[in-house]
Amino acid sequence: MKILLISHWYRPIKSPVKRMVRIAEFLAKKHDVTVLTSLPSYPTGILPEEYRGKLWVKSFENNVRIFRVWDFPTPNMGFIKRTINHLMFVFSSCIAVLFMPTFNLVIVSSPNFFSGLTGLFARRLSRGKFIFDVRDLWPDSAFELGYKSKNSIKKILKFLEKYYYLRADKIFCATEEIRKTIIEMGIAQDKVVTLLNTVDTNIFKPIKINRQKLGLSSQDFLIIYVGSLTQVQNLKTVIEAAAILKKYPKIKILMVGEGEDKGNLITAAKEANLKNMSFINSQPTEKIVELINAANLGLISLSKNKFFSDNALPTKTSEYLGCGKPIVACAGKNLKSLIEKNQVGIVVSPGDSQSLARAILELYQNKAKLKKYSQNARQLAIKQFSDQNFYQVLDDNLLETKNTIHGKG
């Protein structure tokens, strides 16, 4: 079967691409897979030297054919510039589709929300099947985060969202809450499938770490945050919690990642004289596994926006659980239900720095509870967040879709 996977972002970009890389490389073991993506400027807006001055670049990585197109590189900040960036990717990718062979199946990753237009265009040319992969409920999450637009534009975007869902043969949802929301919109239940973000639990697993090599003592209590340093994560809450915890010198917070809010966060930490907080750049997977294992807690912070926080289940969740790390989170009902039901950590309301500091302190002072949560975390990872489960759901639904395709590839 010939498959086209459309994802605005792909490797070597790190934070928002893990899910699509996993899907592409798994499918490439059995099928002919092409990824249509942008030249990699996210999140800084700066293109690596080898991509500058080019409108498109072709490559072949891990059995996946990759076609990169130009998309108006811009830092991931400012609503207007980001919208232009997203729309330019749609324009460039639609042109690219005209010069591609036909495909039996088109899979689109959202966000970028507008990538669905390229997917429908490619599907029309190929007369194949269409799968829409929803990682975030756009456009509602954008409206709830404060992006203002005329009612007419909102209506157009909501119409487009519903049109994607109606035209899709299958809809993959990154969380159960997203699945429920889409079904409530009147979409047929049998074509909406939860496909949780998972990890390879043979890689993300508990291992012994020499903490001294990382500049830590055996007495240090390390909280780690891994992922995007963006305004959507509301990491100002973590800064405020770190300030509250300054009187406990053994408690340290490590932020690992990139994003448009990183500079602001570093400045805020310096101004507050937070010696208990440090920042490092994004790291390769093997280093991330080491750092998580060196930590005592995994940290998640989400926006105060109820719509966003209630539906989100960040990829870092499965990474922490795989390494057997309890989670302390500022999050809404989706993550709260998961963490509390399985007793793997503590969840407080988004933006509540006082409660976040108290939760960290509680686990710092209660070693028995910390150990219990740690054991439960690893068990939950094996049961629900292992790649084996991810690939099984993917395989079952791809097989079902393939069986409806005339002239299978």
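**Figure 1. Arg 123 and its salt-bridge partner in the predicted model.** With just 14% relative accessibility, Arg 123 counts as buried, the cut-off being 20%. We're looking at a predicted model here, as in every view below. The side chain of Arg 123 pairs up with that of Asp 169 in a salt bridge, N to O at 3.2 Å. Arg 123 sits in helix H3 (residues 115–126) and Asp 169 in the loop between H5 and E7, so this pair ties together parts 46 residues apart in sequence. Asp 169 itself is partly exposed, at a relative accessible area of 25%.

**Figure 2. Helix H6 and what it packs against.** Helix H6 covers residues 176–184, and its buried residues are Glu 177, Ile 178, Arg 179 and Ile 182. What do the buried residues of H6 pack against? They have plenty of company: strand E6 (129–134), helix H5 (151–167), strand E7 (170–173), strand E8 (192–194), helix H10 (306–311) and helix H12 (333–342). Just after H6 comes Gly 186, with a positive phi near 95°.

**Figure 3. A salt bridge within H6, and a network elsewhere.** Glu 177 and Lys 180 join their side chains in a salt bridge, with N to O at 3.9 Å. An α-helix has 3.6 residues a turn, so residues three or four places apart point the same way. Here both partners belong to helix H6 and sit three residues apart, about one turn of the helix. Glu 177 is buried at 15% relative accessibility, while Lys 180 is partly exposed at 40%. Away from this pair, Arg 123, Lys 129 and Asp 169 are joined into one network by salt bridges that share partners.

**Figure 4. Asp 32 and Arg 65, strand to strand.** The salt-bridge count for the model comes to 19. One of them joins Asp 32 to Arg 65, whose closest N and O atoms are 2.9 Å apart. This one links distant parts of the chain, since Asp 32 is in strand E2 (residues 32–38) and Arg 65 is in strand E4 (residues 64–69), 33 residues away. Buried or exposed? Asp 32 falls in between, partly exposed at 31% relative accessibility, and Arg 65 is partly exposed too, at 38%.

**Figure 5. The nonpolar patch around Phe 91.** Which residues form the nonpolar patch on the surface? They are Phe 91, Ile 95, Leu 98, Phe 99 and Leu 125, and together they have about 560 Å² of accessible area. Helix H2 (residues 79–98) gives the largest share, three residues. Phe 91 is in helix H2, and at 52% relative accessibility it counts as exposed.

**Figure 6. Trp 70 in its loop.** Trp 70 turns up in the loop between E4 and H2, where it is partly exposed with a relative accessible area of 28%. Leaving out residues up to four places away in sequence, Trp 70 touches Leu 39, Lys 54, Leu 55, Met 88 and Ser 92. Leu 274 is another story: 204 residues along the chain from Trp 70, with 40 Å between their C-alpha atoms.

**Figure 7. H13 meets H14.** Two packed helices are described by the angle between their axes and the distance between the axes. For helix H13 (residues 353–365) and H14, the axes come within 5 Å and cross at roughly 100°. The two helices are therefore roughly perpendicular to each other. On the H13 side, Glu 362, Leu 363, Tyr 364 and Gln 365 meet Lys 367, Lys 369, Leu 370 and Tyr 373 from H14.

**Figure 8. Ser 386 after H14.** Ser 386 lies in the loop between helix H14 (367–384) and helix H15 (387–402). It is buried, at 9% relative accessibility. Setting aside neighbours within four places in sequence, the contacts of Ser 386 are Thr 198, Val 199, Thr 201 and Ala 381.

**Figure 9. Backbone oddities.** Two cis peptide bonds come one after the other: Ser 110 to Pro 111, with omega near 0°, and Pro 111 to Asn 112, with omega about 0°. Pro 111 is in the loop between strand E5 (105–110) and H3, and so is Asn 112. Then there are positive phi values outside glycine: near 50° at Asn 234 and about 55° at Asn 273. Asn 234, between strand E9 (221–226) and helix H7 (236–244), is buried at 17%. Asn 273, in the loop between helix H8 (262–271) and strand E11 (277–280), is partly exposed at 47% relative accessibility.

Methods: Residues are numbered from 1 along each chain as its sequence is written. This is a predicted model: local features need pLDDT of at least 70, side-chain atom pairs count only at pLDDT 80 or more; totals for chains, interfaces and linings use all residues. Side-chain values use heavy atoms; hydrogens and water are left out. Patches are made of residues with over 30% relative accessible area and no salt bridge: like charges are joined within 9 Å, nonpolar side chains (Val, Leu, Ile, Met, Phe, Trp, Tyr) within 5 Å. Accessible areas come from the Shrake-Rupley method with a 1.4 Å probe; for residues, only the protein chains shown count as cover. A salt bridge is a side-chain nitrogen of Lys or Arg within 4 Å of a carboxyl oxygen of Asp or Glu. Helices (H or I, at least four residues) and strands (E, at least two) are DSSP runs, numbered from the N terminus. Buried means under 20% relative accessible area, exposed over 50%, partly exposed in between (1.4 Å probe, protein chains only). Contact means heavy atoms within 4.5 Å. Axes are lines fitted to C-alpha atoms, for helices over the stretch in contact, and angles run from 0 to 180 degrees between N-to-C directions. Angles under 35 degrees count as roughly parallel, over 145 as roughly antiparallel, 65 to 115 as roughly perpendicular and the rest as oblique.
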